[in-house]
Amino acid sequence: MTGTSARLGFVLLLAPAALWLTLLIVIPHIDLFLVSLRERIGVGQYTTSFANYGTFLDEPLYLMTFARTAIMSVLATALTLLIGFPVAYYIAKLARGRTRSVLFLLCLVPFWVSELVRTFGWMILLRETGLVSSLLQWAGLAAGPVELLYNDAAIMVGLVYTSMLFMVVPLITTLDSLDDAVIEAGYDLGGSAPSILREIVIPHAMPGIVSGCIVVFMLSLGNYLTPIMLGGKDSLWFTELIYSQFILRFNWELGAAFGFVLLLLSSVIVWGTLRLTGQTLRETMG
Amino acid sequence: MTAPDLECRALTKRFAPDAPPAVDGVGFSVPSGSFFSILGPSGCGKTTIMRMVAGFLEPSGGDILIRGRSVLSVPPNKRPVNMVFQHLALFPMMNVAENIGYGLRRRGTSKPEIARKVGDVLERIGLPEIGTRRVDELSGGQKQRVAIARCMVLDPDVLLLDEPLGALDLKLREHMKVELKALQAAFGTTFVYITHDQSEALVMSDAVAVMNRGRFEQIGSAQDLYYRPQTPFVAGFVGDSNRWRGRVTRVDGESLELQTDGGLTLRAARNGRAIAAGDRAEVFVRPEAIHPARDAAALEGCANMLRGEVSTLLFNGAASRVRVRPEGAGADTEIEVALPQSGAFAGLARGDDVWIGWTDAQAGAFAAAAAE
Ligand SMILES: Nc1ncnc2c1ncn2[C@@H]1O[C@H](COP(=O)(O)OP(=O)(O)OP(=O)(O)O)[C@@H](O)[C@H]1O
Ligand SMILES: [Mg+2]
């Protein structure tokens with residue numbers, strides 16, 4: 001009796017999540033995968049083949065963009081980690097009381113405005129007539145107006161800025177759980193700051209580092225707005241290709257194939273990172 | 001004469017300029033190979049002293065010397081002292097052998113040498129086979145010993161222990177008390193041990209400092225503190241005592257007479273302390289110093305003799321006690337009396353009439369001003 005009702009409760013509790021997953025994630029992906037396997041051989045005539053994936057592999061522009069997107073995303077993730085770790089360490093271990101909450105809030109503030117406005121902010125700063133350019137001229141470091149927008153560096157700045165919170169939050173959580181006494185014990189036993197960082201702090205923070213990196217990497221890989229607005233003509237992002245296939249060319253078959261290649265890439269990289277760092281998905285996700 | 005392993009001179013720590021100092025002019029020295037305890041109530045500044053000795057806090061004043069050399073300018077990772085933390089602070093990301101070997105690795109000891117020393121120290125703490133275990137697979141007592149081994153393997157001049165038994169349950173604590181003393185004797189290292197548990201301090205230590213509100217009240221052997229307390233705080237804090245406040249009515253020589261606020265007239269010893277007739281004073285008498293008797297004749301020689309009624313029986317095997325309400329005193333005056341282990345008073349029951357008595361020498365009087 002209790003067994004049945006407990007099971008019923010379990011099913012009812014799980015139902016919304018299961019529905020959500022099936023309707024919004026599983027079904028569209030299956031459909032998308034089927035679409036990506038269609039090859040148009042005439043007007044309204046299709047056969048099943050891997051031709052769309054073949055197109056992807058044959059066209060250097062697609063492959064190049066794909067590789068560029070992957071490498072830039074990895075780079076953005078690494079940069080975010082590099083900048084985010086000291087910030088998180090400071091907030092979790094050194095700041096106390098009010099300072100701590102204020103700093104944490106500062107990390108959150110950029111997310112009160114939409115991504116579009118945030119990116120426009122960067123454009124205002126970095127454009128030819130923007131703040132940074134004027135400042136450089138005023139300081140005598142540049143002779144004329146400098147264009148800082150529309151290049152890979154600008155994209156990188158935008159990506160790191162957008163992702164920072166998603167790196168800092170899991171890092172703060174894991175660093176917070178490291179007892180201060182453990183760090184002190186490290187010093188007490190003769191450890192130096194770098195060795196304590198390497199042997200005690202980083203191993204402890206590893207689940208946070210990995211989960212932060214995974215989230216930031218996926219966000220960067222799938223970002224659309226930042227590369228479009230801050231990037232130049234030469235800095236194509238893979239999501240732009242997907243968009244143009246679906247919306248501009250009405251080539252849903254190729255767009256779907258691109259989407260699947262991207263999904264494959266992020267899965268492989270996430271899996272690889274977990275393997276490399278010896279973490280399991282279960283540990284990382286808490 | 002060799003310098004003591006650890007010496008503190010007028011050590012002071014002020015966390016805020018306007019707040020009273022957390023540690024106030026504390027001075028002590030710990031001879032080599034001895035077990036020194038600092039005993040005091042929570043918040044009296046024990047951990048603050050430890051952290052200054054270990055180097056995690058900068059003293060506001062005073063000096064810390066290890067083997068005769070000031071270490072104030074030495075950072076914590078270079079000081080020849082190691083600390084066992086209150087919650088042990090073992091490294092959860094390493095196994096037991098890596099934990100113990102951490103300090104040696106940092107010193108650049110060779111790998112085979114580390115393995116040998118780690119094996120050695122594991123043997124000495126009686127846990128030779130746990131080197132590859134994870135820290136969270138150990139029992140509380142095992143963690144305790146690993147935390148001590150992690151420090152001892154570095155052969156420090158002084159080992160600091162900050163309430164290391166605080167997290168253990170009562171039974172294990174009793175066991176570890178004996179074990180810790182044995183470990184200290186085996187390693188021959190100087191231990192400085194802080195605790196708020198008097199039995200830990202009394203059982204293990206060669207010398208104990210009783211601390212209150214940032215100051216040392218008294219430093220001495222366990223017997224000194226128990227039988228010859230020098231301040232009312234020590235008399236009240238170390239061991240159990242019956243305690244009365246009152247006004248001194250007469251002083252002759254070392255003996256004095258006191259009228260308590262509860263209405264009793266008692267005789268006590270002032271043990272050389274300056275107390276004059278008319279002063280407010282406090283008197284402490286240990287329960288085991290009070291003799292129970294069936295009639296007054298059996299209490300010959302006791303300067304204090306009272307007749308009363310047993311109000312509570314506190315049976316605890318050999319440590320059984322009764323509370324006696326003396327005749328003519330207020331209802332809130334109860335005197336705790338230890339029952340002799342002979343069992344002569346085993347039949348005592350609630351409501352029985354008894355006589356109790358104690359000599360004036362066993363009642364220590366202190367001027368009350370210092371106690372407030
Ligand atoms: N970092 C600090 N900043 C300000 N005040 C502090 C700091 N550390 C300790 N104190 C204060 O100093 C006093 C002594 O603290 P300490 O930790 O030395 O006590 P303790 O004797 O170890 O107590 P316990 O037995 O509870 O551990 C306390 O009143 C505490 O509030
Ligand atoms: Mg403490």
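Which handedness does the crossing of α2(B) and α3(B) have? It is right-handed, meaning the near helix is turned clockwise from the far one by less than a right angle.

This is a predicted model: local features need pLDDT of at least 70, side-chain atom pairs count only at pLDDT 80 or more, and totals for chains, interfaces and linings use all residues. Residues are numbered from 1 along each chain, chains are lettered from A and ligands numbered from 1 as written, and side-chain values use heavy atoms, without hydrogens and water.

**First stop: α2 and α3.** Select residues 96-107 and 111-124 of chain B. Both are helices (DSSP runs of H or I, at least four residues, numbered from the N terminus). Their axes come within 10 Å and cross at roughly 125 degrees. Axes are lines fitted to C-alpha atoms over the stretch in contact, with angles from 0 to 180 degrees between N-to-C directions. That makes the pair oblique (outside under 35, over 145 and 65 to 115 degrees). Show the contact (heavy atoms within 4.5 Å): Ile100(B) and Leu104(B) are among the α2(B) residues, Val118(B) and Val121(B) among those of α3(B).

**Next: α4.** Add residues 140-152 of chain B. The axes of α2(B) and α4(B) come within 7 Å and cross at roughly 30 degrees. That makes them roughly parallel. Val96(B), Asn99(B) and Ile100(B) meet Val146(B), Ala149(B) and Arg150(B).

**Last: ligand 1.** Its surroundings (a heavy atom within 4 Å) include Phe15(B), Lys46(B) and Thr47(B). Check the side chains: polar atoms of Ser42(B) and Thr48(B) each lie 2.5 Å from a ligand oxygen. For Glu163(B), the distance is 2.9 Å.

How values were computed: Helix = DSSP H or I, 4+ residues; strand = E, 2+ residues; numbered from the N terminus. Polar contact = N/O pair within 3.5 Å; in protein donor to acceptor, adjacent residues only side chain to side chain.
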